[in-house]
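This report goes through a few residues and the helices that hold them. The sequence and structure come next, and the notes follow.

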Amino acid sequence: MAGDPWLAKYDSTCRLAQDIVENIHERNRQQRTGGNPSKFNVTIRSSLQRLQEQINQLKDSLLRNLSTRQITQLEADRHQNMLDDLLTRERQLQTSLKKDGTEPEVMRTSLISTDPKTDLTNPWLMEEPEETRGLDFSEIKHQQQMIIQEQDAGLDALVTVIARQKQMGRDIGNELDEQNEIIDDLTHLVDKTDSRIQNETRRVKLVDKKSTSWGMLVVIVLLLVAIVVVAVWPKG
């Protein structure tokens, strides 16, 4: 990411490694021309010590960022690959420092580029992909930054998709909760309605029973009245 302190530290360490390469080249030139290479050896040793310290700081920072979940596993793997490349450079520089400079051009070639005359392969670019072959440090750095930006854009897009799906899941969950509440209300209403229907049915049966009893009573009364009328009616 644009403001990643780890990447800024990595760039600074790469520049230090490049400075060491130039100092080794200058030391070897001094040895060839009969100059004084000793001061360069002191500078190179001091720079190599700082390089090792910065690499260790990068390693500790990477482990800390991963353990505190400040970066994803994918980013951690990518940073680890970059760190491994730095470690390889540091070992190559340590080896170059121990050489006496009797083959300065070979050393220079082995550290910076591929020389078709000596047929030596750059040890910094062993198993190098075609995309970076023949590029200088600034071009490789720019290419790595572009790759990182593309990967970050992909991660941002993935985060956006995941966030959208998460929000959809929440919306679906809320809708299910609302539907469950509606179903509960309908169940309660059905139970209440059923209870009222049962009560009204009992009342209807009771009224029907009373109506039947009163009807029979009216018939009996009418029969009695008829009998009395017939009995008291004067015979012609």
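## Glutamine 57 and tryptophan 6

Glutamine 57 lies in helix 2. The model is a predicted one, and in it glutamine 57 is partly exposed, with a relative accessible area of 41%. That value counts as partly exposed because it falls between the limits of 20% for buried and 50% for exposed.

Glutamine 57 is 51 residues away from tryptophan 6 in sequence, while their C-alpha atoms are 9.5 Å apart in space. Tryptophan 6 itself touches Leu58, Ser61, Leu62, Asn65, His79 and Met82, when residues up to four places away in sequence are not counted.

## The nonpolar core

Tryptophan 6 also appears in the largest nonpolar core, a set of 23 residues. Trp6, Tyr10, Ile20, Leu48, Leu51 and Leu93 are the residues with the most contacts inside this core. Helix 1, helix 2 (38-67) and helix 3 are the elements that give two or more residues to the core. Of these, helix 1 gives the most, with 9 residues.

In soluble globular proteins, nonpolar side chains tend to be buried together.

## Helix 1 against helix 3

Helix 1 covers residues 5-33 and helix 3 covers residues 73-98; the two pack at an angle of about 20°, and their axes are 11 Å apart. Because angles under 35 degrees count as roughly parallel, helix 1 is roughly parallel to helix 3. The crossing of helix 1 past helix 3 is left-handed.

On the helix 1 side, the contact is made by Trp6, Leu7, Tyr10, Thr13, Cys14, Ala17, Ile20, Val21, Ile24 and Arg27. They meet His79, Met82, Asp85, Leu86, Arg89, Leu93, Ser96 and Leu97 on the helix 3 side. By type, the residues of this contact divide into 12 nonpolar, 3 polar and 3 charged.

## Histidine 79

Histidine 79 lies in helix 3. It has a relative accessible area of 2%, so histidine 79 is buried. Leaving out residues up to four places away in sequence, histidine 79 touches Asp4, Trp6, Leu7, Leu62 and Ile71.

## Glutamine 30

Is glutamine 30 in helix 1 buried or exposed? Its relative accessible area is 15%, and buried means under 20%, so glutamine 30 is buried.

Glutamine 30 is in contact with Gly35, Asn36, Pro37 and Phe40, with neighbours within four places in sequence left aside.

Notes: Residues are numbered from 1 along each chain as its sequence is written. This is a predicted model: local features need pLDDT of at least 70, side-chain atom pairs count only at pLDDT 80 or more; totals for chains, interfaces and linings use all residues. Side-chain values use heavy atoms; hydrogens and water are left out. Axes are lines fitted to C-alpha atoms, for helices over the stretch in contact, and angles run from 0 to 180 degrees between N-to-C directions. Helices (H or I, at least four residues) and strands (E, at least two) are DSSP runs, numbered from the N terminus. Angles under 35 degrees count as roughly parallel, over 145 as roughly antiparallel, 65 to 115 as roughly perpendicular and the rest as oblique. A crossing is left-handed if the near helix is turned anticlockwise from the far one by less than a right angle, and right-handed if clockwise. Contact means heavy atoms within 4.5 Å. Ala, Val, Leu, Ile, Met, Phe, Trp, Tyr, Cys and Pro count as nonpolar, Asp, Glu, Lys and Arg as charged, and the others, Gly among them, as polar. Buried means under 20% relative accessible area, exposed over 50%, partly exposed in between (1.4 Å probe, protein chains only). A nonpolar core is a set of buried Ala, Val, Leu, Ile, Met, Phe, Trp, Tyr and Cys residues joined through side-chain atoms within 4.5 Å.
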